[in-house]
Amino acid sequence: MSDKPLKWFLQAVGGVSLFAFGAAVMPAHWITQISLSLGFDPFPDSPLTFYLARHLSLMYGFVGAVLLVVASDLTRYRPLIALAAAGTVILGVLQLLIDWLAGLPSWWTWGESMSTVAGGLCLFWLDRNCGPDGDKQR
């Protein structure tokens, strides 16, 4: 299989992740309204909660930008892809634990964590099965 599916996957995830930059700068009342519309308790009106929400959004946005850079030169950044795949699976497992400990609804906990694990496994599979000119990379 060629590298194209791997490149497309990284571009898709990276591109979608760039939208998180918008959440980092959105008005505070939008954050509180979105929280309510998702069925959560009212978003605490505290500098710390807005700081954490905005910084997490920035982090997701920067991860998206890094994935786009990796997708632009798979040969150069190939060693990072396996690390990103393993890290994403581990992140998904830790999200499950953190979301459960935080008391988030089960639909959120399972949806967030399992989609992250699935994305990491997909990245791992693509990394192992896609290579230049249809050859396996490893």
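How many aromatic pairs does the count come to? The count comes to 5 aromatic pairs in this predicted model, and two of them turn up in a close-up below.

**Figure 1. The whole chain is built from helices: 6 of them, with 0 strands.** Reading from the N terminus, the elements go α-α-α-α-α-α. The C-alpha trace spans about 55 × 30 × 20 Å along its principal axes. Of the 138 residues in the protein, 28% are buried. Take the contacts with a separation of 6 or more: 72% of them involve residues 24 or more positions apart. As for the outside, the protein exposes about 8700 Å², and carbon and sulfur atoms supply 73% of that.

**Figure 2. Close-up of helix H4, residues 47–72.** This helix has 26 residues and reaches 38 Å from its first C-alpha to its last. That is close to the 38 Å expected at 1.5 Å a residue. Now for the side of the story that faces other residues. The buried residues of H4 are Phe-50, Ser-57, Gly-61, Gly-64, Leu-67, Val-70 and Ala-71. An α-helix has 3.6 residues a turn, so residues three or four places apart point the same way. What covers the buried residues of H4? The cover includes helix H1 (4–17), helix H2 (20–25), helix H3 (28–37) and helix H5 (74–102).

**Figure 3. Close-up of the ring cluster of Phe-40, Trp-107 and Trp-108, linked by ring pairs.** Start with Phe-40 and Trp-107: their ring centres are 6.2 Å apart and their planes sit at 25°, so this pair is stacked. Phe-40 lies in the loop between H3 and H4, while Trp-107 is in helix H6 (residues 106–129), so the pair ties together parts that are 67 residues apart in sequence. Buried or exposed, where does Phe-40 fall? Phe-40 is buried, because its relative accessible area of 18% is under the 20% cut-off. Trp-107 comes out as partly exposed, with a relative accessible area of 47%.

The other pair here is Phe-40 with Trp-108. Their ring centres lie 5.2 Å apart with the planes at 75°, so this one is edge-to-face. Again the pair links distant parts of the chain, with Phe-40 in the loop between H3 and H4 and Trp-108 in helix H6, 68 residues apart. Trp-108 is partly exposed, at a relative accessible area of 27%.

**Figure 4. Close-up of the salt-bridge network joining Asp-3, Arg-78 and Asp-127.** Side chains of opposite charge can pair when their charged atoms come close. The structure holds 2 salt bridges. In one of them, the side chains of Asp-3 and Arg-78 meet at 2.9 Å, N to O. Asp-3 sits in the segment before H1 and Arg-78 in helix H5, so this bridge ties together parts that are 75 residues apart in sequence. Both Asp-3 and Arg-78 are buried.

Which residue besides Asp-3 does Arg-78 bridge to? Arg-78 also forms a salt bridge with Asp-127, and the closest N and O atoms are 2.9 Å apart. With Arg-78 in helix H5 and Asp-127 in helix H6, the pair ties together parts that are 49 residues apart in sequence. Arg-78 has 4% relative accessibility, so it counts as buried. Asp-127 counts as buried too, at 0% relative accessibility. Since the salt bridges share partners, Asp-3, Arg-78 and Asp-127 form one network.

**Figure 5. Close-up of Gly-131, in the segment after H6.** How far apart are Gly-131 and Ser-2, in sequence and in space? Gly-131 and Ser-2 are 129 residues apart in sequence, yet their C-alpha atoms are 5.1 Å apart in space. Gly-131 counts as buried, at 0% relative accessibility.

**Figure 6. Close-up of a nonpolar patch on the surface.** The residues that form this patch are Ile-90, Leu-94, Leu-97, Ile-98, Trp-100 and Leu-101. Together they have about 680 Å² of accessible area. Trp-100 belongs to helix H5. Is Trp-100 buried or exposed? Trp-100 is exposed, because its relative accessible area of 61% is over the 50% cut-off.

Definitions and conventions
Residues numbered from 1 in each chain as written. Predicted model: local features only at pLDDT ≥ 70, side-chain atom pairs only at ≥ 80, totals over all residues. Heavy atoms only, no water. Helix = DSSP H or I, 4+ residues; strand = E, 2+ residues; numbered from the N terminus. Expected span 1.5 Å × (residues − 1). Buried < 20%, exposed > 50% of the residue type's maximum accessible area, 1.4 Å probe, protein only. Contact = heavy atoms within 4.5 Å. Patch = residues over 30% accessible without salt bridge, like charges linked within 9 Å, V, L, I, M, F, W, Y side chains within 5 Å. Areas by Shrake-Rupley, 256 points an atom, 1.4 Å probe, with all protein chains shown as cover. Salt bridge = Lys/Arg side-chain N within 4 Å of Asp/Glu carboxyl O. Phe/Tyr/Trp six-rings, centres within 6.5 Å; stacked < 30°, edge-to-face > 60°.
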